[in-house]
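I opened my notebook for this one with a few simple look-ups in mind. Here is the structure I had on screen, followed by my entries.

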Amino acid sequence: MAKGTKDETGDGKVGEKKQKTIVFLHPDLGIGGAERLVVDAAVGLQKRGCKVVIFTSHCDPGHCFDEARDGTLDVRVRGNTVIPPSILGRFSILCAILRQIHLILSITLFTSELSKINPSGFFIDQLSAGVPLLSLLRPQTPIFFYCHFPDLLLVQNRNSSLFKRLYRIPFDALEQWSMGFATSTAVNSNFTKSVVAKTWPGYPADQLKIVYPCINTSLPSSSSPDEETQPIKWGQSEKSIILSINRFERKKNIALAIQAFALFPAPARQKSKLVVAGGYDARVHENVSYHADLVSLCEKLGLKSATVTTVVSALNSSIEDVDVLFLLSVPNALKEILLKSAKLLVYTPREEHFGIVPLEAMLRGVMERVVERMGEGELREMGEEGKKRVRENFAETEMARQLEGVFEEMEGVDAKGAGALGLILVVMAGLTGAIGVGIGLWLVRTPVVKL
(Lines give C-alpha, C1' and ligand atoms only; values in the text may rest on other atoms or scores of the structure.)
Protein backbone atom coordinates (compact mmCIF):
# COMPACT_ATOMS: atom_id res chain seq x y z
CA MET A 1 0.00 0.00 0.00
CA ALA A 2 1.29 3.41 -0.94
CA LYS A 3 2.42 5.78 1.75
CA GLY A 4 -0.28 8.03 3.14
CA THR A 5 -0.02 11.78 2.72
CA LYS A 6 -1.83 14.65 4.33
CA ASP A 7 -4.33 16.44 2.12
CA GLU A 8 -4.14 20.15 2.87
CA THR A 9 -4.73 21.54 -0.61
CA GLY A 10 -8.34 20.91 -1.54
CA ASP A 11 -11.19 22.10 0.63
CA GLY A 12 -9.01 22.84 3.63
CA LYS A 13 -9.65 19.51 5.36
CA VAL A 14 -6.63 17.63 6.60
CA GLY A 15 -6.68 13.86 6.43
CA GLU A 16 -4.82 10.78 5.31
CA LYS A 17 -5.22 9.62 1.74
CA LYS A 18 -3.53 7.02 -0.39
CA GLN A 19 -0.79 8.51 -2.52
CA LYS A 20 -1.41 8.13 -6.23
CA THR A 21 1.32 7.53 -8.77
CA ILE A 22 0.42 9.09 -12.11
CA VAL A 23 2.42 8.27 -15.23
CA PHE A 24 2.24 10.75 -18.12
CA LEU A 25 2.93 9.74 -21.73
CA HIS A 26 3.54 12.64 -24.11
CA PRO A 27 5.06 12.49 -27.63
CA ASP A 28 7.51 15.42 -27.56
CA LEU A 29 7.95 17.51 -24.43
CA GLY A 30 9.02 20.69 -26.18
CA ILE A 31 7.51 24.17 -26.00
CA GLY A 32 3.86 24.62 -26.92
CA GLY A 33 0.35 24.83 -25.54
CA ALA A 34 -0.06 21.06 -25.17
CA GLU A 35 3.30 20.79 -23.43
CA ARG A 36 2.47 23.68 -21.11
CA LEU A 37 -0.73 21.90 -20.11
CA VAL A 38 1.12 18.64 -19.43
CA VAL A 39 3.75 20.39 -17.31
CA ASP A 40 1.14 22.37 -15.36
CA ALA A 41 -0.98 19.26 -14.80
CA ALA A 42 2.04 17.28 -13.58
CA VAL A 43 3.23 20.02 -11.25
CA GLY A 44 -0.30 20.57 -9.95
CA LEU A 45 -0.78 16.88 -9.16
CA GLN A 46 2.60 16.79 -7.40
CA LYS A 47 1.54 19.68 -5.21
CA ARG A 48 -1.56 17.71 -4.27
CA GLY A 49 0.58 14.83 -3.03
CA CYS A 50 0.74 12.61 -6.11
CA LYS A 51 3.92 11.02 -7.39
CA VAL A 52 4.38 11.90 -11.06
CA VAL A 53 6.62 10.44 -13.76
CA ILE A 54 6.60 11.73 -17.35
CA PHE A 55 7.68 9.48 -20.23
CA THR A 56 8.31 11.16 -23.57
CA SER A 57 9.97 10.30 -26.86
CA HIS A 58 11.92 13.55 -26.91
CA CYS A 59 12.89 16.31 -24.50
CA ASP A 60 15.67 18.71 -25.40
CA PRO A 61 16.96 20.56 -22.29
CA GLY A 62 17.54 23.56 -24.51
CA HIS A 63 13.99 23.50 -25.87
CA CYS A 64 11.57 22.71 -23.07
CA PHE A 65 9.87 24.39 -20.14
CA ASP A 66 11.90 25.03 -17.01
CA GLU A 67 10.07 22.46 -14.89
CA ALA A 68 11.04 19.70 -17.35
CA ARG A 69 14.77 20.38 -17.00
CA ASP A 70 15.38 21.84 -13.52
CA GLY A 71 14.41 18.73 -11.54
CA THR A 72 10.90 19.85 -10.65
CA LEU A 73 9.50 16.94 -12.67
CA ASP A 74 10.78 13.41 -13.19
CA VAL A 75 11.07 13.36 -17.00
CA ARG A 76 12.34 10.21 -18.73
CA VAL A 77 13.05 9.94 -22.46
CA ARG A 78 12.28 6.51 -23.88
CA GLY A 79 11.44 4.98 -27.26
CA ASN A 80 13.50 7.39 -29.36
CA THR A 81 16.20 5.11 -30.76
CA VAL A 82 14.52 3.37 -33.70
CA ILE A 83 11.98 5.62 -35.44
CA PRO A 84 12.86 9.24 -36.36
CA PRO A 85 10.35 12.09 -35.79
CA SER A 86 9.82 12.31 -39.55
CA ILE A 87 11.19 10.98 -42.81
CA LEU A 88 12.66 13.70 -44.99
CA GLY A 89 10.32 16.16 -43.32
CA ARG A 90 7.24 14.00 -44.05
CA PHE A 91 5.14 11.23 -42.47
CA SER A 92 5.15 12.89 -39.06
CA ILE A 93 1.94 11.23 -37.83
CA LEU A 94 3.11 7.76 -38.86
CA CYS A 95 6.44 8.26 -37.11
CA ALA A 96 4.75 9.71 -34.01
CA ILE A 97 2.53 6.63 -33.67
CA LEU A 98 5.41 4.21 -34.12
CA ARG A 99 7.50 6.17 -31.61
CA GLN A 100 4.66 6.02 -29.08
CA ILE A 101 4.33 2.26 -29.54
CA HIS A 102 8.10 1.93 -29.15
CA LEU A 103 7.95 3.97 -25.93
CA ILE A 104 5.17 1.82 -24.46
CA LEU A 105 6.96 -1.40 -25.35
CA SER A 106 10.22 -0.03 -23.93
CA ILE A 107 8.78 0.53 -20.46
CA THR A 108 6.44 -2.49 -20.33
CA LEU A 109 7.95 -5.45 -22.21
CA PHE A 110 11.58 -4.59 -22.93
CA THR A 111 12.24 -3.45 -19.33
CA SER A 112 10.50 -3.64 -15.96
CA GLU A 113 10.59 0.13 -15.48
CA LEU A 114 6.82 0.60 -15.45
CA SER A 115 6.27 -2.36 -13.12
CA LYS A 116 8.67 -0.83 -10.59
CA ILE A 117 6.76 2.45 -10.72
CA ASN A 118 3.44 0.61 -10.35
CA PRO A 119 1.23 3.50 -11.54
CA SER A 120 -2.26 4.19 -10.18
CA GLY A 121 -3.27 5.70 -13.50
CA PHE A 122 -2.03 6.98 -16.86
CA PHE A 123 -2.36 10.47 -18.30
CA ILE A 124 -2.05 10.38 -22.10
CA ASP A 125 -2.64 13.33 -24.37
CA GLN A 126 -2.32 14.46 -27.98
CA LEU A 127 -1.86 10.97 -29.46
CA SER A 128 -4.32 8.16 -28.66
CA ALA A 129 -2.93 5.46 -30.98
CA GLY A 130 -1.06 3.68 -28.18
CA VAL A 131 -3.99 3.59 -25.75
CA PRO A 132 -5.29 0.14 -26.89
CA LEU A 133 -1.82 -1.38 -26.57
CA LEU A 134 -1.30 0.11 -23.12
CA SER A 135 -4.73 -1.08 -21.98
CA LEU A 136 -3.84 -4.57 -23.16
CA LEU A 137 -0.48 -4.62 -21.37
CA ARG A 138 -1.76 -2.93 -18.18
CA PRO A 139 -5.44 -3.92 -17.94
CA GLN A 140 -5.62 -3.14 -14.21
CA THR A 141 -4.48 0.46 -14.60
CA PRO A 142 -7.05 3.09 -15.67
CA ILE A 143 -6.15 5.41 -18.54
CA PHE A 144 -7.11 9.08 -18.75
CA PHE A 145 -6.88 10.60 -22.24
CA TYR A 146 -6.84 14.36 -22.76
CA CYS A 147 -8.05 15.38 -26.24
CA HIS A 148 -6.75 18.83 -27.17
CA PHE A 149 -8.53 18.68 -30.54
CA PRO A 150 -9.25 16.00 -33.19
CA ASP A 151 -5.99 15.54 -35.07
CA LEU A 152 -7.74 14.89 -38.35
CA LEU A 153 -8.97 18.51 -38.32
CA LEU A 154 -5.47 19.89 -37.78
CA VAL A 155 -3.91 18.34 -40.87
CA GLN A 156 -2.55 20.92 -43.30
CA ASN A 157 -3.40 20.55 -47.02
CA ARG A 158 -4.97 17.14 -46.55
CA ASN A 159 -6.75 17.48 -49.92
CA SER A 160 -3.65 18.55 -51.82
CA SER A 161 -3.36 15.15 -53.50
CA LEU A 162 -5.08 11.79 -53.77
CA PHE A 163 -2.10 10.09 -52.16
CA LYS A 164 -2.34 12.29 -49.06
CA ARG A 165 -6.08 11.68 -48.73
CA LEU A 166 -5.50 7.92 -48.92
CA TYR A 167 -2.54 8.19 -46.56
CA ARG A 168 -4.69 9.88 -43.88
CA ILE A 169 -7.61 7.40 -43.97
CA PRO A 170 -6.16 4.78 -41.55
CA PHE A 171 -4.87 7.43 -39.15
CA ASP A 172 -8.22 9.24 -39.01
CA ALA A 173 -10.00 5.95 -38.28
CA LEU A 174 -7.38 4.93 -35.71
CA GLU A 175 -7.80 8.17 -33.78
CA GLN A 176 -11.49 7.64 -33.00
CA TRP A 177 -11.15 3.89 -32.42
CA SER A 178 -8.19 4.17 -30.05
CA MET A 179 -9.77 6.93 -27.94
CA GLY A 180 -12.54 4.50 -27.08
CA PHE A 181 -10.11 2.37 -25.03
CA ALA A 182 -9.47 5.15 -22.50
CA THR A 183 -11.17 4.71 -19.13
CA SER A 184 -12.02 8.41 -19.07
CA THR A 185 -11.57 11.19 -21.64
CA ALA A 186 -11.56 14.97 -21.29
CA VAL A 187 -11.37 17.95 -23.65
CA ASN A 188 -10.19 21.49 -23.09
CA SER A 189 -13.43 23.41 -23.72
CA ASN A 190 -17.11 23.20 -24.56
CA PHE A 191 -16.18 24.21 -28.09
CA THR A 192 -13.88 21.20 -28.49
CA LYS A 193 -16.56 18.96 -27.03
CA SER A 194 -19.02 20.15 -29.69
CA VAL A 195 -16.41 19.62 -32.43
CA VAL A 196 -15.79 16.04 -31.24
CA ALA A 197 -19.53 15.36 -31.37
CA LYS A 198 -19.74 16.65 -34.97
CA THR A 199 -16.55 14.97 -36.13
CA TRP A 200 -17.36 11.54 -34.67
CA PRO A 201 -21.16 11.18 -34.41
CA GLY A 202 -20.79 7.66 -33.03
CA TYR A 203 -18.48 8.71 -30.20
CA PRO A 204 -20.18 9.18 -26.78
CA ALA A 205 -19.33 12.89 -26.58
CA ASP A 206 -21.81 13.36 -23.73
CA GLN A 207 -19.40 11.40 -21.53
CA LEU A 208 -16.50 13.75 -22.20
CA LYS A 209 -15.29 15.76 -19.22
CA ILE A 210 -14.14 19.36 -19.59
CA VAL A 211 -10.86 20.29 -17.91
CA TYR A 212 -9.65 23.77 -18.78
CA PRO A 213 -5.94 24.46 -19.28
CA CYS A 214 -4.59 26.69 -16.54
CA ILE A 215 -2.54 29.81 -16.01
CA ASN A 216 0.06 30.29 -13.28
CA THR A 217 -1.76 32.72 -10.99
CA SER A 218 0.84 32.55 -8.24
CA LEU A 219 3.03 35.16 -9.90
CA PRO A 220 3.13 38.44 -7.97
CA SER A 221 0.89 41.15 -9.31
CA SER A 222 0.86 44.83 -8.56
CA SER A 223 -1.78 47.49 -8.74
CA SER A 224 0.50 50.45 -8.18
CA PRO A 225 2.16 52.02 -11.25
CA ASP A 226 5.36 52.47 -9.24
CA GLU A 227 5.59 48.72 -8.60
CA GLU A 228 5.00 47.60 -12.16
CA THR A 229 7.75 46.16 -14.30
CA GLN A 230 9.38 48.86 -16.39
CA PRO A 231 8.84 48.44 -20.13
CA ILE A 232 11.60 47.03 -22.28
CA LYS A 233 13.68 49.78 -23.87
CA TRP A 234 15.59 49.48 -27.13
CA GLY A 235 18.19 52.21 -27.10
CA GLN A 236 16.77 55.54 -25.97
CA SER A 237 13.28 54.90 -27.32
CA GLU A 238 10.20 53.77 -25.44
CA LYS A 239 8.15 52.08 -28.10
CA SER A 240 4.77 50.51 -27.43
CA ILE A 241 5.12 46.74 -27.67
CA ILE A 242 2.47 44.82 -29.58
CA LEU A 243 2.98 41.19 -28.69
CA SER A 244 2.04 37.98 -30.48
CA ILE A 245 2.79 34.66 -28.75
CA ASN A 246 2.24 31.48 -30.75
CA ARG A 247 4.16 28.54 -32.15
CA PHE A 248 5.56 29.15 -35.62
CA GLU A 249 2.82 27.19 -37.37
CA ARG A 250 0.62 28.32 -40.24
CA LYS A 251 -2.59 27.49 -38.41
CA LYS A 252 -1.67 30.19 -35.87
CA ASN A 253 -2.14 32.81 -38.60
CA ILE A 254 0.70 35.03 -37.37
CA ALA A 255 0.77 36.70 -40.78
CA LEU A 256 -2.45 38.50 -39.80
CA ALA A 257 -0.67 40.36 -37.01
CA ILE A 258 2.06 41.48 -39.41
CA GLN A 259 -0.43 42.55 -42.08
CA ALA A 260 -2.45 44.50 -39.51
CA PHE A 261 0.68 46.18 -38.16
CA ALA A 262 1.65 47.22 -41.68
CA LEU A 263 -1.66 49.11 -41.96
CA PHE A 264 -0.76 51.38 -39.06
CA PRO A 265 -0.25 55.02 -40.09
CA ALA A 266 3.48 55.70 -40.35
CA PRO A 267 3.64 57.96 -37.25
CA ALA A 268 1.93 55.33 -35.09
CA ARG A 269 4.13 52.53 -36.43
CA GLN A 270 7.28 54.49 -35.64
CA LYS A 271 6.22 54.56 -31.99
CA SER A 272 5.46 50.83 -31.87
CA LYS A 273 7.18 47.50 -32.31
CA LEU A 274 5.56 44.17 -33.15
CA VAL A 275 7.20 41.35 -31.22
CA VAL A 276 6.42 37.85 -32.49
CA ALA A 277 7.50 35.29 -29.89
CA GLY A 278 6.80 31.60 -29.92
CA GLY A 279 7.82 27.97 -29.90
CA TYR A 280 10.32 27.10 -32.59
CA ASP A 281 12.05 23.80 -33.18
CA ALA A 282 14.69 23.61 -35.90
CA ARG A 283 13.85 19.89 -36.30
CA VAL A 284 10.30 20.77 -37.39
CA HIS A 285 10.14 21.66 -41.08
CA GLU A 286 7.00 23.79 -40.70
CA ASN A 287 8.57 25.95 -37.98
CA VAL A 288 11.55 26.68 -40.20
CA SER A 289 9.58 27.30 -43.40
CA TYR A 290 6.86 29.41 -41.76
CA HIS A 291 9.38 31.66 -40.04
CA ALA A 292 11.08 32.18 -43.41
CA ASP A 293 7.69 33.01 -44.97
CA LEU A 294 6.96 35.58 -42.24
CA VAL A 295 10.34 37.24 -42.78
CA SER A 296 9.57 37.42 -46.51
CA LEU A 297 6.15 38.91 -45.75
CA CYS A 298 7.78 41.67 -43.72
CA GLU A 299 10.07 42.50 -46.64
CA LYS A 300 7.10 42.55 -49.01
CA LEU A 301 5.21 44.96 -46.75
CA GLY A 302 8.20 47.24 -46.27
CA LEU A 303 8.75 46.31 -42.61
CA LYS A 304 12.24 45.91 -41.23
CA SER A 305 12.57 42.66 -39.25
CA ALA A 306 15.14 40.85 -37.15
CA THR A 307 15.30 37.38 -35.60
CA VAL A 308 16.92 36.63 -32.24
CA THR A 309 17.17 33.54 -30.08
CA THR A 310 18.67 34.73 -26.79
CA VAL A 311 17.76 37.20 -24.04
CA VAL A 312 20.94 39.22 -24.61
CA SER A 313 20.33 39.67 -28.33
CA ALA A 314 16.65 40.40 -27.71
CA LEU A 315 17.54 43.37 -25.49
CA ASN A 316 20.32 44.62 -27.76
CA SER A 317 19.97 48.28 -28.64
CA SER A 318 21.09 47.58 -32.21
CA ILE A 319 17.56 46.37 -33.01
CA GLU A 320 15.99 49.62 -31.86
CA ASP A 321 14.76 50.60 -35.34
CA VAL A 322 13.32 47.15 -36.18
CA ASP A 323 9.58 47.11 -36.92
CA VAL A 324 9.03 43.38 -36.37
CA LEU A 325 11.13 41.35 -33.96
CA PHE A 326 10.97 37.55 -34.10
CA LEU A 327 11.90 35.78 -30.85
CA LEU A 328 12.40 32.05 -31.31
CA SER A 329 11.55 29.85 -28.30
CA VAL A 330 11.93 32.53 -25.66
CA PRO A 331 12.65 31.40 -22.07
CA ASN A 332 10.01 31.91 -19.41
CA ALA A 333 11.83 34.87 -17.86
CA LEU A 334 11.86 36.86 -21.10
CA LYS A 335 8.27 35.89 -21.89
CA GLU A 336 7.20 37.23 -18.50
CA ILE A 337 9.01 40.52 -19.16
CA LEU A 338 7.34 40.78 -22.55
CA LEU A 339 3.88 40.09 -21.14
CA LYS A 340 4.34 42.76 -18.48
CA SER A 341 5.81 45.24 -20.94
CA ALA A 342 3.36 44.78 -23.83
CA LYS A 343 0.65 47.35 -24.32
CA LEU A 344 -1.40 44.96 -26.43
CA LEU A 345 -1.51 41.20 -26.88
CA VAL A 346 -2.67 40.15 -30.35
CA TYR A 347 -4.06 36.63 -30.74
CA THR A 348 -4.51 35.58 -34.36
CA PRO A 349 -5.42 31.87 -34.70
CA ARG A 350 -8.74 31.35 -36.42
CA GLU A 351 -11.25 29.03 -34.73
CA GLU A 352 -8.72 28.09 -32.06
CA HIS A 353 -10.10 25.32 -29.85
CA PHE A 354 -8.95 27.09 -26.70
CA GLY A 355 -8.04 30.74 -26.29
CA ILE A 356 -9.79 33.59 -24.47
CA VAL A 357 -8.79 36.71 -26.34
CA PRO A 358 -11.23 39.23 -27.85
CA LEU A 359 -11.58 38.81 -31.60
CA GLU A 360 -11.34 42.57 -31.98
CA ALA A 361 -7.63 42.33 -31.09
CA MET A 362 -7.09 40.85 -34.55
CA LEU A 363 -8.35 43.97 -36.28
CA ARG A 364 -6.29 47.01 -37.08
CA GLY A 365 -8.88 49.51 -35.72
CA VAL A 366 -8.84 48.05 -32.22
CA MET A 367 -5.05 47.74 -32.26
CA GLU A 368 -4.60 51.41 -33.11
CA ARG A 369 -7.17 52.49 -30.52
CA VAL A 370 -5.36 50.66 -27.73
CA VAL A 371 -1.94 51.93 -28.75
CA GLU A 372 -2.90 55.50 -29.61
CA ARG A 373 -6.21 56.55 -28.06
CA MET A 374 -7.08 54.46 -25.00
CA GLY A 375 -6.38 56.17 -21.68
CA GLU A 376 -4.31 54.62 -18.89
CA GLY A 377 -7.36 54.32 -16.64
CA GLU A 378 -9.32 52.40 -19.26
CA LEU A 379 -6.34 50.16 -20.01
CA ARG A 380 -5.85 49.39 -16.32
CA GLU A 381 -9.54 48.56 -15.84
CA MET A 382 -9.43 46.20 -18.83
CA GLY A 383 -6.35 44.50 -17.41
CA GLU A 384 -7.82 44.06 -13.93
CA GLU A 385 -10.97 42.47 -15.33
CA GLY A 386 -8.82 40.01 -17.28
CA LYS A 387 -6.79 39.08 -14.17
CA LYS A 388 -9.98 38.52 -12.18
CA ARG A 389 -11.43 36.16 -14.79
CA VAL A 390 -8.23 34.12 -15.04
CA ARG A 391 -7.89 33.68 -11.28
CA GLU A 392 -11.53 32.66 -10.90
CA ASN A 393 -11.67 30.14 -13.75
CA PHE A 394 -8.20 29.09 -14.89
CA ALA A 395 -5.96 28.83 -11.81
CA GLU A 396 -3.49 25.95 -11.77
CA THR A 397 -4.92 24.69 -8.48
CA GLU A 398 -8.34 24.28 -10.08
CA MET A 399 -7.05 22.15 -12.96
CA ALA A 400 -5.07 19.94 -10.57
CA ARG A 401 -8.13 19.52 -8.33
CA GLN A 402 -10.26 18.43 -11.29
CA LEU A 403 -7.63 16.01 -12.55
CA GLU A 404 -7.20 14.40 -9.16
CA GLY A 405 -10.97 14.01 -8.99
CA VAL A 406 -10.94 12.23 -12.36
CA PHE A 407 -8.28 9.76 -11.18
CA GLU A 408 -10.23 9.13 -7.97
CA GLU A 409 -13.31 8.34 -10.04
CA MET A 410 -11.31 5.84 -12.09
CA GLU A 411 -9.97 3.98 -9.04
CA GLY A 412 -10.99 0.35 -9.18
CA VAL A 413 -12.04 0.66 -12.83
CA ASP A 414 -9.95 -1.55 -15.10
CA ALA A 415 -8.62 -0.24 -18.38
CA LYS A 416 -10.67 -1.27 -21.39
CA GLY A 417 -8.42 -4.16 -22.37
CA ALA A 418 -8.02 -4.56 -26.07
CA GLY A 419 -8.16 -8.37 -25.93
CA ALA A 420 -6.95 -10.68 -28.67
CA LEU A 421 -8.61 -8.65 -31.42
CA GLY A 422 -6.93 -5.50 -30.16
CA LEU A 423 -3.55 -7.15 -30.16
CA ILE A 424 -4.03 -8.33 -33.71
CA LEU A 425 -5.04 -4.84 -34.75
CA VAL A 426 -2.06 -3.30 -33.03
CA VAL A 427 0.29 -5.74 -34.75
CA MET A 428 -1.39 -5.04 -38.08
CA ALA A 429 -1.04 -1.32 -37.45
CA GLY A 430 2.67 -1.80 -36.81
CA LEU A 431 3.13 -3.82 -39.97
CA THR A 432 1.08 -1.31 -41.95
CA GLY A 433 3.25 1.43 -40.56
CA ALA A 434 6.42 -0.36 -41.60
CA ILE A 435 5.03 -0.90 -45.09
CA GLY A 436 3.96 2.74 -45.15
CA VAL A 437 7.48 3.85 -44.34
CA GLY A 438 8.81 1.81 -47.24
CA ILE A 439 6.21 3.14 -49.66
CA GLY A 440 6.77 6.63 -48.33
CA LEU A 441 10.48 6.48 -48.96
CA TRP A 442 9.81 5.36 -52.50
CA LEU A 443 7.28 8.13 -53.08
CA VAL A 444 9.47 10.95 -51.80
CA ARG A 445 12.19 9.77 -54.17
CA THR A 446 9.76 10.04 -57.08
CA PRO A 447 9.62 13.69 -58.30
CA VAL A 448 6.20 13.27 -59.93
CA VAL A 449 4.35 12.57 -56.68
CA LYS A 450 4.27 14.96 -53.71
CA LEU A 451 2.54 14.01 -50.46
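**Entry: a strand pair.** I began with Ala186, whose bridge partner in β9 is Lys209. A reminder before going on: this is a predicted model. I then looked at the strands around that bridge and found that β8 (residues 184–187) and β9 run parallel, joined by two bridges.

**Entry: the whole sheet.** Next I traced the sheet outward and got seven strands in the order β5-β4-β3-β6-β7-β8-β9. The sheet is open and the pairing is parallel. Which strands sit at the edges? I noted β5 (74–77) and β9 (209–210), each pairing on one side only.

**Entry: a helix over the sheet.** I followed helix α3 (residues 92–108) and saw that it lies across β3 (21–26), β4 (51–56) and β6 (121–125). Relative to β4, α3 runs at about 130 degrees.

**Entry: a helix pair.** I keep two descriptors for packed helices, the angle between their axes and the distance between the axes. For α1 (residues 33–47) and α15 (residues 396–410), the axes come within 9 Å and cross at roughly 75 degrees. Angles of 65 to 115 degrees count as roughly perpendicular, so I logged α1 and α15 as roughly perpendicular to each other. On the α1 side, I listed Leu37, Asp40, Ala41, Gly44 and Leu45 as making the contact. From α15 come Met399, Ala400, Leu403, Glu404 and Phe407. Sorted by class, the contact of α1 with α15 has seven nonpolar, one polar and two charged residues.

**Entry: cysteines.** How many disulfides are there? I counted zero. Cys64 made a nice check: the nearest cysteine sulfur, that of Cys59, is 4.0 Å away, while a disulfide needs the sulfur atoms within 2.5 Å. Cys64 is therefore in no disulfide. I also looked up burial, where the cut-off is under 20% relative accessible area. Cys64 is buried at 3%, and Cys147 counts as buried at 2%.

**Entry: positive phi.** Most residues other than glycine have a negative phi, so I went looking for exceptions. Asn118 has a phi near 50 degrees and lies in the loop between α4 (113–117) and β6. Is Asn118 buried or exposed? With a relative accessible area of 51%, Asn118 is exposed. I noted Asn253 as well, with a positive phi of about 55 degrees. Asn253 lies in the loop between β10 (240–245) and α8 (254–262), and at 27% relative accessibility Asn253 counts as partly exposed.

Technical notes: Residues are numbered from 1 along each chain as its sequence is written. This is a predicted model: local features need pLDDT of at least 70, side-chain atom pairs count only at pLDDT 80 or more; totals for chains, interfaces and linings use all residues. Side-chain values use heavy atoms; hydrogens and water are left out. Axes are lines fitted to C-alpha atoms, for helices over the stretch in contact, and angles run from 0 to 180 degrees between N-to-C directions. Helices (H or I, at least four residues) and strands (E, at least two) are DSSP runs, numbered from the N terminus. Angles under 35 degrees count as roughly parallel, over 145 as roughly antiparallel, 65 to 115 as roughly perpendicular and the rest as oblique. Contact means heavy atoms within 4.5 Å. Ala, Val, Leu, Ile, Met, Phe, Trp, Tyr, Cys and Pro count as nonpolar, Asp, Glu, Lys and Arg as charged, and the others, Gly among them, as polar. Two strands pair if DSSP finds at least two bridges between them. Buried means under 20% relative accessible area, exposed over 50%, partly exposed in between (1.4 Å probe, protein chains only).
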